[in-house]
Amino acid sequence: MDISLVLHGLSGALVALLAAVLWKLGPYLLAPFRSSLLNLPGPPSRRWLLGSLKDIYDSDGEVILDEWIEQYGPTVMFRGFLNTPRLFTTDTRALNHILTHSAEYQKPEEARRSLAHILGRGVLFKEGDQHRQQRRVLNPAFGPSQIRELTDIFVRKSMELRDLWTSTISVQGHVARVDIQKDLSKMTLDVIGLAGFNYDFDSLNPEGKPNKLGQAFQDIFDVPDRFPLLLLLRNFFPILRFIHNKQSRKVEEAQAVMQRIGMQLIQEKKAEITREHAEKSEQEKSFDDIERRDLRSRDLLTLLLKANMASDIPESQRLSDEDVLAQVPTFLVAGHETTSTATTWCLFALTQNPRVKKKLRDELLAVETDTPTMEELNALPYLDMVIRESLRLYAPIPTTIRVPIKDDVIPVNEPFTDRNGEVQDSIRINKGSHVIIPLQTLNRLRSVWGEDSYEFKPERWESPPEATSNIPGVWGHLLTFLGGPRACIGYRFSLVEMKALVFTLVRAFEFELAVPPSDIIRRATIVTRPLLRSAPEQGSQMPLYIKPYKCD
Ligand code: HEM
């Protein structure tokens, strides 16, 4: 073989590769010099590749973001990948603008690619008209009356977890050491299986079938003890997906299982709906007659399939089978780790606040039934305040990200002083710039919540500060579930599920942290999970000592 020909071919390939990399990175390489955000105040960048990303990752509970707001004011620029400027603002008018204009502020390409890789192309992935169409079909399945129907699943599975812990205690003696995060995650997987698809993963059953999906989720959401550089690079360079590691193999396995279960469920349910329909009287027989009020079966997938066939949804607006299938992993992932993580932090907070725990337990023990309805759970004022306070202080998703699809001028409430000493009453932003939405930072801002904003005080909800009414969140003057057309669709679902869990577990057990509080750190990848400072290599965990509660 002619060696010069080979070298020529290789150099051609190298030039093509270099051109592709430059084309891809072009906007990132130019942004540090010409972004309209450059004038905003903010911290200096410490690394050319990662900007401030590693500082944020390393800071316990991402508290560094709050510190920047305190130091530089409500509107800040920090550097991301390849030193690209990112907008970080807690200005409520600016956030309202961004969240309500969701068709113009979309998830960035890399984030969508990464979402699609784990979740498929469901409602979390879609943008613009396709997103609006999917929300229209999905919304009815998440309304209050649907959640009421699901409450007995939440309560039943909470009791199954209670019984599992009771038997662990009897095996270990009077007290058991339990990683509550792992068990709560099993519980919420079982719940979303049953409530979402009428499918029992049975993962709380110690003698149950081996659960590949549960294990895969555990791995996907585990927090690495080092900055996940490969994960970040993969989002920018999809070709790196061909480099496999333990996590990517788990993601692929989980996807295959979700795909298989999802397809099987959709076929079964469609057959069931058609059968039900065929049993109806002659004049009701056409599919056009399927009304939302006919929705008898209560799981989310059946409701979705029926809503999709309902006569008020025009043919052109209906979802394809592929679109319906894509919602299965979306619900499984979005509805599972978020709620278990939120409940983990809530129980942690109770171990650190004995007065609150006692007051809560007194309220819960006064209820005469073990199996409350949604109305009975919602009628417990202190339980409501405890859930609100833990979702404020421990928002499971600390930040999310958006990019404007065209240049924009964002209005602000609070004028700010830029790096040139000039006062600005709006933020100019270029198409494609990254905007980081501060879910957690806004929830604990001292200027909004007061000097005690980092303390767990459910009583603050008796009269929340006036300033909280400007927060553009879908629920409770908080950004925990975001706001605007892209707000969490499942917030009512998770609130009642959390209440059922806390109701059942706090009535049954005494909890104590099994390690010193200073050993617990909060580390965010997709959700903020607990990690032991003394043993980060063990992955996320929340070890508690648990014993049965006995009233004196
Ligand atoms: C404590 C529990 C939960 C928290 C903190 C939470 C938080 C959030 C947040 C912040 C978003 C917006 C993400 C973004 O656009 O960047 C979101 C979206 C979403 N959540 Fe939740 N979530 C929770 C529970 C649930 C549950 C139980 C379900 C379903 C059963 C669910 C389903 C969804 C879906 C489908 C979306 C996408 C909505 C859209 O893009 O239109 N979530 N959630």
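## A briefing on a predicted chain with an iron-bearing ligand

In this chain, 74% of the contacts with a separation of 6 or more are between residues 24 or more positions apart. Please keep in mind as you read that the model is predicted. The chain is built with 20 helices and twelve strands, and 56% of its 552 residues count as buried. Below we start at the iron, move on to the aromatic rings and the charges over them, and finish with a few individual residues.

**The iron and Cys488**

- Which protein atom is a donor to the iron of the ligand? The SG atom of Cys488 is the single donor from the protein, and it lies 2.3 Å from the iron atom.
- Cys488 belongs to the loop that runs between helix H19 (446–449) and helix H20 (491–508).
- The relative accessibility of Cys488 is 30%, so this residue counts as partly exposed; the partly exposed class lies between the limits of 20% and 50%.
- If neighbours within four places in sequence are set aside, Cys488 has contacts with Arg135 and Phe481.
- In the UniProt record, an unreviewed entry, the annotation "binding site" covers Cys488.

**Aromatic pairs**

- How many aromatic pairs does a search of the whole structure find? The search gives 15.
- One of these pairs is Phe78 with Phe88: the ring centres are 6.1 Å apart and the planes meet at 65 degrees, so the pair is edge-to-face, given that an angle over 60 degrees counts as such.
- This pair links distant parts of the chain, with Phe78 in strand S1 (residues 75–79) and Phe88 in strand S2 (residues 85–89), ten residues apart.
- Are these two rings' residues buried or exposed? Phe78 counts as buried because its relative accessibility is 1%, and Phe88 is buried with a relative accessible area of 0%.
- Trp165 and Phe511 make an edge-to-face pair as well, with 6.5 Å from centre to centre and 80 degrees between the planes.
- Trp165 sits in helix H7 (residues 144–172) and Phe511 in strand S9 (residues 509–513), so their pairing ties together parts of the chain that are 346 residues apart in sequence.
- Trp165 and Phe511 are both buried.
- Phe78 and Phe88 also appear in one aromatic cluster together with Trp68.

**Charges over rings**

- Where does the charged end of Arg112 sit? It lies over the ring of Phe125, at 4.3 Å from the ring centre.
- A second arrangement of this kind involves Arg523, whose charged end sits over the ring of Tyr57, 4.7 Å from the centre of that ring.
- Phe125 also features in a C-alpha distance: its C-alpha atom is 9.0 Å from that of Ala111, and the two residues are 14 residues apart along the chain.
- Ala111 is part of helix H5 (residues 109–119). Its relative accessibility of 23% means that Ala111 counts as partly exposed.

**Backbone angles to look at**

- Leu82 has a phi near 55 degrees, which is a positive value in a residue other than glycine.
- Leu82 is placed in the loop between S1 and S2, the strands that hold Phe78 and Phe88.
- With a relative accessibility of 10%, Leu82 counts as buried, because buried means under 20%.
- His477 likewise has a positive phi, near 55 degrees, and is a residue other than glycine.
- His477 is found in the loop between H19 and H20, and Cys488 is in the loop between those helices too.
- His477 counts as partly exposed, at 34% relative accessibility.

**The surface and Asp129**

- The accessible surface of the chain is about 24800 Å², and carbon and sulfur atoms account for 54% of that area.
- Is Asp129 buried or exposed? Asp129 counts as exposed, because its relative accessibility is 58% and the limit for exposed is over 50%.
- Asp129 has its place in helix H6 (residues 128–138).
- From C-alpha to C-alpha, Asp129 is 8.2 Å from Ala103 in space, with their positions 26 residues apart in sequence counted as their separation.

Terms used
Residues are numbered from 1 along each chain as its sequence is written. This is a predicted model: local features need pLDDT of at least 70, side-chain atom pairs count only at pLDDT 80 or more; totals for chains, interfaces and linings use all residues. Side-chain values use heavy atoms; hydrogens and water are left out. Donors are N, O and S atoms within 2.8 Å of the metal (3.2 Å for Na, K and Ca); water is not among the atoms, so sites may look incomplete. Helices (H or I, at least four residues) and strands (E, at least two) are DSSP runs, numbered from the N terminus. Rings of Phe, Tyr and Trp (its six-membered ring) pair if their centres lie within 6.5 Å; planes under 30 degrees apart count as stacked, over 60 as edge-to-face and the rest as tilted. Buried means under 20% relative accessible area, exposed over 50%, partly exposed in between (1.4 Å probe, protein chains only). A charge sits over a ring if NZ of Lys or CZ of Arg is within 6 Å of the ring centre and within 35 degrees of the ring normal. Contact means heavy atoms within 4.5 Å. Accessible areas come from the Shrake-Rupley method with a 1.4 Å probe; for residues, only the protein chains shown count as cover. UniProt positions are given in the numbering used here, feature names are shortened, and annotations may be inferred rather than shown by experiment.
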